[in-house]
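Reader: I would like a close look at one part of this model, the place where the two chains meet. Please take it step by step.

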Number of protein chains: 2
Amino acid sequence: MNRITKINTPIHFAGYAAVGGYEERRGPLGEKFDFCDDEDKFGQNTWEIAEAEMGRIALNIALSKTDLSHSDIDLLVAGDLQNQCVASSGGLNSFGIPFLGIYGACSTCTESLMTLASFIDSSEKMTYGAAVTTSHNSAAERQFRTPIEYGGQRTPTAQWTSTAAGAFILKRGEGDVMLTEYMPGRIVDGSTSDGANMGGAMAFAAFDSICAYFAESGENPLDVDLIVTGDLGRVGSNILYELLAKELPGAERRHTDCGLLLYDDSKQDSHSGASGCGTSASVLACRFLPMLKSGELRRVLFLSTGALMSPSSLLQGENIYGIAPLIRLESAKGR
Amino acid sequence: MNRITKINTPIHFAGYAAVGGYEERRGPLGEKFDFCDDEDKFGQNTWEIAEAEMGRIALNIALSKTDLSHSDIDLLVAGDLQNQCVASSGGLNSFGIPFLGIYGACSTCTESLMTLASFIDSSEKMTYGAAVTTSHNSAAERQFRTPIEYGGQRTPTAQWTSTAAGAFILKRGEGDVMLTEYMPGRIVDGSTSDGANMGGAMAFAAFDSICAYFAESGENPLDVDLIVTGDLGRVGSNILYELLAKELPGAERRHTDCGLLLYDDSKQDSHSGASGCGTSASVLACRFLPMLKSGELRRVLFLSTGALMSPSSLLQGENIYGIAPLIRLESAKGR
């Protein structure tokens, strides 16, 4: 089966922004974030609405880097981790932009960019699109596990859900950083029902997508500058490293993971690294897109990784499924 | 802003199937369903897994009406109402088809078909795509409200969440029923936080999309055979009727609602009609697509309607937001 689509229409990133909270500012990328709120509240009364507001702020900052206003955006694709994705619909409703909600767990960032690119490519009516991804530590913890006030003990394989958002403006036409290819992910059984080891469950999906991409493209893994996964964290990244080193030698040397870049484990007790769909979205916006724009990176495969499960499915003994959609990003300076 | 996209590539429905439960078989469309399980369990141990199985059955029956197998499908777009959409990811993982999860509440059917059409239109690699939508009464009730065993009293404006699934195979090329246009919906404030009156909240979104469509297309509402909404039910349909009669005269005479077609209120105590994203999906598959295939209907605007909210957002006093993406379906016999 052929899975890689080369996008016919040139599509580039016209603007992007990363927004975070207290831990994100303290982390190694803190100074690269466009905006961080040390209280994680963004001026709101609940964590859930704070997440919605964070998405709004990210979209506004991304727009502020272009000459566009909300009414210029033809389609908004967004997702988050809250039940029924209410952070996206509740946070972004007031703009009046045609809206498409997606759910891909922590694969949301890549899935939203891929979907948006497909719509822009398909529809001549669409020139500008926006993609927004958010996650909030306090909203996610009390929904998926226990409220943080409970002080539950975290296991060593657990990851820290980031309070972070990434917003992206895609535009038809040539630009500094191009989105040139996409490949939807397949659902891969993570062979575990341990909700505190999602990185381990997702590693197999990332491996599946990376192998499928190079098998179909015929490219050598060393020909790309980076293969970036979303939030495998330490445990998942180690599994992926071993799998790649054995089955696709060279690819493991190009691999990095957003979940390992957001926090400094010597100072921030994140355990196995960062998770949450805001992780890959914010790290893409504040680190990799600027490096592609400057030409420091030329060709990047970007795979946000999602753990498809719910608290109910885990209680019912179901396995966690992983998915890793892939997009290819290229710098105009290095093509 | 131009919002209607005319799809460049001809895309048609190659196969479709409707699956339901006990109430759906007893309803006016019961005999048109491809398969119904009077126990609502589909051979599974939990309602949640029963919903996942229902989606699998629907996809298999839809495929059985074509000459295709799972490995021929290039992309699967699916969604449901369970938290984190686990009915879709858990039910459809084993096929190994590249997967895109969406969340549009009860607008899922239209959203999935629109998204799938965009990908097929954009990517020459994609010939066949599948879209699956499910909802299950017992899974939804215990997640959104209370377990049905609790026997909570329902208010007159409440709707009955259907146990139903619709699966659709889209194929590039000409065929009996074509998907010719799509228009993403905007998020519209339903001006209520009453989770037992979702039809009322969604009516404004349907009105917004219908008006936007005719304003942009310049077509007379009487030129289409039907304007089908998803699950406004009795309350929402009455609101929409009054709005259309006043602002877009003629359109109200073309309107019908899947939520009013699934159950017989004289025998089935559904209150304001059916809801749940399986409602519009199954009614499209078992009623409107066959009528378009035979030429009995020629031009149909189909808008599944979604209520974007979560139990948490309602408890926190937030309003319900509505969304109504639109697709245009045309019969080859009447074009």
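How many residue pairs are in polar contact across the interface of chain B and chain A?

Author: This is a predicted model. Across the interface of chain B and chain A, 31 residue pairs are in polar contact, with both residues of each pair at pLDDT 80 or more.

Start with the elements on the side of chain B that touches chain A. Those giving two or more residues are α2 (47–64), α3 (86–92), β5 (99–101), α4 (108–122), α5 (137–144), α10 (311–315) and β16 (321–323) of chain B. The largest share comes from α4(B), with 7 residues. By residue type, this side of chain B divides into 27 nonpolar, 22 polar and 11 charged.

Charged pairs come next. Between chain B and chain A the count is 2 salt bridges. One of them joins the side chains of B:E216 and A:K125, with N to O at 3.2 Å. Over all chains, a search of the whole structure finds 27 salt bridges. Among them is a pair inside chain A: A:D38 with A:R25, whose closest N and O atoms are 2.8 Å apart. A:D38 sits in the loop between β3 (35–36) and α2 (47–64) of chain A, and A:R25 sits in helix α1 (residues 22–26), so this salt bridge ties together parts that are 13 residues apart in sequence.

Now the extent of the contact. The size of an interface is often given as the accessible area lost when the parts come together. Here the area buried between chain B and chain A is about 4,600 Å². Carbon and sulfur atoms give 58% of that area. Chain B brings 60 residues to the contact, and chain A brings 59 residues.

How are the two copies related? A turn of 180 degrees, with a shift of 0.0 Å along the axis, lays chain B on chain A. The RMSD of that fit is 0.0 Å. The two copies are thus related as by a two-fold rotation axis. In chain B, the C-alpha nearest the axis belongs to B:I102, at 1.9 Å from it. The same surface serves both copies, since 98% of the contact residues of chain B recur in chain A.

One interface element deserves a second look. Strand β16 of chain B is among the elements giving two or more residues to the side that touches chain A. Within its own chain, β16 belongs to an open sheet of 3 strands, in the order β10-β16-β15 (chain B), with antiparallel pairing. The edge strands there are β10 (188–189) and β15 (306–308) of chain B, and each pairs on one side only. β15(B) and β16(B) run antiparallel and are joined by 3 bridges. Along this pairing, B:G306 stands opposite B:I323 in β16(B).

Turn to chain A. There 3 strands form an open sheet in the order β10-β16-β15, and the pairing is antiparallel. The edges are β10 (188–189) and β15 (306–308) of chain A, each paired on one side only. In chain A, 3 bridges join β15(A) to strand β16 (residues 321–323), and these strands run antiparallel. A:A307 has A:G322 of β16(A) as its bridge partner.

Terms used:
Residues are numbered from 1 along each chain as its sequence is written. Chains are lettered from A and ligands numbered from 1 in the order in which they are written. This is a predicted model: local features need pLDDT of at least 70, side-chain atom pairs count only at pLDDT 80 or more; totals for chains, interfaces and linings use all residues. Side-chain values use heavy atoms; hydrogens and water are left out. Copies are superposed by least squares on the C-alpha atoms of residues with pLDDT of at least 70 in both. Contact means heavy atoms within 4.5 Å. Buried area is the accessible area (1.4 Å probe) that two parts lose on being put together, summed over both. A salt bridge is a side-chain nitrogen of Lys or Arg within 4 Å of a carboxyl oxygen of Asp or Glu. A polar contact is a pair of N or O atoms within 3.5 Å; within protein, one must be able to donate a hydrogen and the other to accept it, and residues adjacent in sequence count only if both atoms are side-chain atoms. Helices (H or I, at least four residues) and strands (E, at least two) are DSSP runs, numbered from the N terminus. Ala, Val, Leu, Ile, Met, Phe, Trp, Tyr, Cys and Pro count as nonpolar, Asp, Glu, Lys and Arg as charged, and the others, Gly among them, as polar. Two strands pair if DSSP finds at least two bridges between them.
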